[in-house]
Amino acid sequence: MKRGAEHSRVQRKGRERDLQTCQICGSKDHAEGHHLFDYAMGGAADEDNIVTLCHDCHQNVHKGLTSLFRF
Ligand SMILES: [Zn+2]
Ligand SMILES: [Zn+2]
């Protein structure tokens, strides 16, 4: 599906913009792209919708332990 390729592209662009650095703690370990607004919730396939997080912070965001809108 086209959406899959677009998804990888924006994830990569978002991580390049953030210099592969976690936007919460500044770690460069296991940087991965998180969608601020999920596709299912109508989020755009756009790098503005991606924030780079390390694995730990990413888990915490999904568990609701960390707010992304603090920084
Ligand atoms: Zn982090
Ligand atoms: Zn995520």
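Visitor: How many helices and strands are there in the chain?
Guide: This is a predicted model, in which local features need pLDDT of at least 70, side-chain atom pairs count only at pLDDT 80 or more, and totals for chains, interfaces and linings use all residues. Residues are numbered from 1 along each chain as its sequence is written, while chains are lettered from A and ligands numbered from 1 in the order in which they are written. Helices (H or I, at least four residues) and strands (E, at least two) are DSSP runs, numbered from the N terminus. From that terminus on, the elements run α-β-β-α, and the chain has 2 helices and 2 strands.

Visitor: In which helix is confidence highest?
Guide: Confidence is given as pLDDT, the predictor's score for each residue from 0 to 100. The chain has a mean pLDDT of 87, with 86% of its residues at 70 or more. Confidence is lowest in helix H1 (residues 2-17), at a mean of 88, and highest, at 95, in helix H2 (residues 55-63).

Visitor: Which residue stands opposite His-35 in E2?
Guide: Two strands pair if DSSP finds at least two bridges between them. Strand E1 (residues 32-35) is joined to E2 by 4 bridges, and the two run antiparallel. Opposite His-35 in E2 stands Ile-50.

Visitor: Which strand gives the largest share of the largest nonpolar core?
Guide: A nonpolar core is a set of buried Ala, Val, Leu, Ile, Met, Phe, Trp, Tyr and Cys residues joined through C-beta atoms within 7 Å. The largest one holds 8 residues: Cys-22, Ile-24, Ala-31, Ile-50, Val-51, Leu-53, Cys-54 and Cys-57. The largest share of this core, 3 residues, comes from strand E2 (residues 50-53).

Visitor: Is His-58 buried or exposed?
Guide: A residue is buried if 20 or more other C-beta atoms, placed from the backbone, lie within 10 Å of its own, exposed if 12 or fewer, and partly exposed in between. His-58 lies in helix H2. Because His-58 has 20 C-beta neighbours inside 10 Å, it counts as buried.

Visitor: Which residues does His-58 touch, not counting those up to four places away in sequence?
Guide: Contact requires C-beta atoms, placed from the backbone, within 7 Å. The C-alpha atoms of His-58 and Glu-32 are separated by 7.8 Å, although the two are 26 residues apart along the chain. Beyond four places in sequence, His-58 touches Glu-32, His-34 and Leu-53.

Visitor: Why does His-62 count as exposed?
Guide: His-62 is also found in helix H2. His-62 counts as exposed because its C-beta neighbours inside 10 Å number 11.

How values were computed. Two residues are in contact if their C-beta atoms, placed from the backbone, lie within 7 Å.
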